[in-house]
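Visitor: Hi, could you walk me through a model with me? I'd like to start with the cysteines.

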Amino acid sequence: MPQTTTGQSATGALCEKFTLPQLLALNVADHPNAPALREKDRGIWLTHSWTDYDRNVREFANGLAALGFKRGDKTTVVGDNRPRLYWAQIASQALGGVAVPVFQDSIASELVYVLNHAEVTVIVAEDQEQVDKALSLREQLPSLRLVVYDDPRGMTAYSDPILKSFEEVQALGRDFAAKNPDYLQSEIAKGKPSDVALFAYTSGTTGKPKGAMLTHSNLIGSAEGFLKVEDLRRGDEWLSYLPMAWVGDAIFSLVLSTVVGITCNCPESPETVQRDLRELGPQIMLAPPRIWENMLTSINVKAADASPFKRFVFNYFRALAERVELARSEKREVPGGQRFLHWLGEYLVYGPVRDQLGLRRLRWAYTGGAPLGADTFRMFRGFGVNLKQVYGSTETSALVAVQKDDEADPNTVGRPCEGIEIRIGENGEVLLKSRGIFAGYYKQEDATRAAIDAEGWFHTGDAGFVDPNGHLVIIDRAKDVGKMADGTPFAPQFIENKLKFSPFIREAICFGHQRASVVAMIAIDLTTAGNWAEKRGLPYTSYVDLAQKPEMAELIRGEIEKCNAGLPPQTQIRRFLLLTKDFDADDAEITRTRKLRRAFIADKYASVIEAFYGNASQAELVSEVTYEDGRKATVRANVLIHDLAGATVAQRKAA
């Protein structure tokens, strides 16, 4: 029988009554001078109150109305996290329009597809780079009527009639409001919770991205369920640094900011995020596993560069922190001596590390989007970071399950949030019902019917189960879970995540379905691997050169053997090779959120996979590199295939 569990029933107080622009008006009425949003500009944090927020939204919305924006029109925002890009989304929704954020690093072909599919009429771009990208696609975008830019630097020579500055649109809005004082308020009042607020395009791991239609009720209802678990408070600081096209940023920076009143903070630039994070010291943080892994790598690199005594102290207290956290997670009593040493470690190691990372004031830290390695998870918790797993997807308005503070476990994603019902299907797939389930895929009814069955269950595509404590456990994508030749279950993502705990491995993909052994393609982390090589006087000229050094192969061999030690013998990696470049979203190997496009990679590297299982000692890698302007280049290289200890010739032939 299918396995089912349900969160407590939801009140639906806000999601049944309001839209996001209507909630914005409530914030202005109740807390007009409270900080709503900050932006760091030239080293100074500029604060916008809820009154400022509302004024900017209203002026821009009236400006759009003056330029012919109608109910149902779509506005795309593209760029780094900027206040005006958030205001533009709310302004569009105030007029009954739909926000369509896209990834700022998308190449032209990706943008053309999304903008045409969504029938976007307005693009709000951060700067000259994004404007150039939009104007270069103009002939391919028949619906496009207006391009608005935020940053005026470099824009003085542009004279295209389709182009206006954000200030120009707001000036038109002030004139329009003077002549039509009740127009905008009337449009806001017409808004219904069931109206579509956002098109959130999926990452496209299996093909073209799909536009998930998320209503105001979806987004607000998802936030309300989350707030029944987490005590987020008005004025809590949140750093808005995640890609605006990712639903995880939308749910915090747009939705929870208006529902709760948390203060969003836009960093000066992507390059200053770590510095700005430390300066801000937020109370709330969400990051995908790669960010936490990068933080851990930076800690490890600094520890390795420290004096022998400091390195000894760090390693001692790190090991102690992990032992204490493991005991706590298993509900075992921590011995008094360890409790004292852990207390001492707070002053010597844990507190200073949190301070260096900008995490000293954190009350809640979340990881989501993909599984995080258990070692990384326990290390951060042992260091005093209240790190917890959260589970969701684009189609579920980001938030489905979250762990309580005293139930954090790297092996689960927690209990379902309030009002969410979870069922495990006959094939092990996780099925959901909740207020947050999207209204369907835009212009893709067949895909919608495939995702939401006749009984209203959303098919997540994830394989999992509910453990005896009522916690949801996600194994892998259902389509990726397979079996080896002897029938042993094979979940590649689990192995890949263990590999990526190594600071020297940036990305990995494993193969083993219907095979006698598991093999892996590894992309090294150029920063940490390069630092390792420089310390040993190992010269190299490029990523390709370093990856093919015998010394690097031996280093990665040792890292894989550490991973193998925690795997059943049948699923241990037996052969590997080092790629000549990292997987790249521009080359369609990964998505913009760094999810592997397995089918594409398997097809692209089919000859390499056959070389693995054909007992070959080397393989030819043919890599197509895509530049930002769309140009392509082909790089060929013969790379060695390396065997792991325990992999016999007989085993490889049996594969």
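Visitor: How many disulfides does the structure hold?
Guide: The count is 0 in this predicted model, where a disulfide is a pair of cysteine sulfur atoms within 2.5 Å.

Visitor: Where is the nearest cysteine sulfur to C264?
Guide: The nearest one belongs to C266, 7.2 Å away, and C264 is in no disulfide. C264 is also buried, at 2% relative accessible area. Here buried means under 20% relative accessible area, exposed means over 50%, and partly exposed is in between, with a 1.4 Å probe and protein chains only.

Visitor: And why is C563 without a bond?
Guide: Because the closest cysteine sulfur, in C510, is 7.3 Å from the sulfur of C563, which is too far. C563 is buried too, with a relative accessible area of 5%.

Visitor: Before we go on, what are the ground rules for the numbers?
Guide: Residues are numbered from 1 along each chain as its sequence is written, and side-chain values use heavy atoms, with hydrogens and water left out. As this is a predicted model, local features need pLDDT of at least 70 and side-chain atom pairs count only at pLDDT 80 or more, while totals for chains, interfaces and linings use all residues.

Visitor: Fine. Switching to rings, how many aromatic pairs are there?
Guide: The count comes to 19 aromatic pairs. Rings of Phe, Tyr and Trp (its six-membered ring) pair if their centres lie within 6.5 Å; planes under 30 degrees apart count as stacked, over 60 as edge-to-face and the rest as tilted. One of the pairs is F252 with Y366, which is tilted, at 6.3 Å centre to centre and 40° between the planes.

Visitor: Which parts of the chain does that pair link?
Guide: Distant ones: F252 is in helix α9 (residues 247-259) and Y366 is in strand β14 (residues 364-367), 114 residues apart. Helices (H or I, at least four residues) and strands (E, at least two) are DSSP runs, numbered from the N terminus.

Visitor: Buried or exposed, those two?
Guide: F252 and Y366 are both buried.

Visitor: Which residues form an aromatic cluster?
Guide: F312, F314, Y316, F317, Y350 and F383 form one together.

Visitor: What sits over the ring of Y441?
Guide: The charged end of K210 does, 5.2 Å from the ring centre. The rule asks for NZ of Lys or CZ of Arg within 6 Å of the ring centre and within 35 degrees of the ring normal.

Visitor: New topic, strand β4. How many of its residues are buried?
Guide: In β4 (residues 74-78), 5 of 5 are buried. That covers both faces, with K74, T76 and V78 on one side and T75 and V77 on the other.

Visitor: Which way does β4 run relative to β5?
Guide: β4 and β5 (residues 98-99) run parallel, joined by 2 bridges, and K74 stands opposite V98. Two strands pair if DSSP finds at least two bridges between them. β4 also pairs with β6 (residues 122-125) in the parallel sense, over 4 bridges, where T76 stands opposite I123.

Visitor: Last one, the backbone. What is phi of R42?
Guide: It is near 55°, a positive value in a residue other than glycine. R42 lies in the loop between β2 (35-41) and β3 (44-49), and is exposed at 61% relative accessible area.

Visitor: And A398, buried or exposed?
Guide: A398 counts as buried, at 11% relative accessibility. Phi of A398 is also positive, near 80°, and A398 sits in the loop between β15 (387-391) and β16 (401-402).
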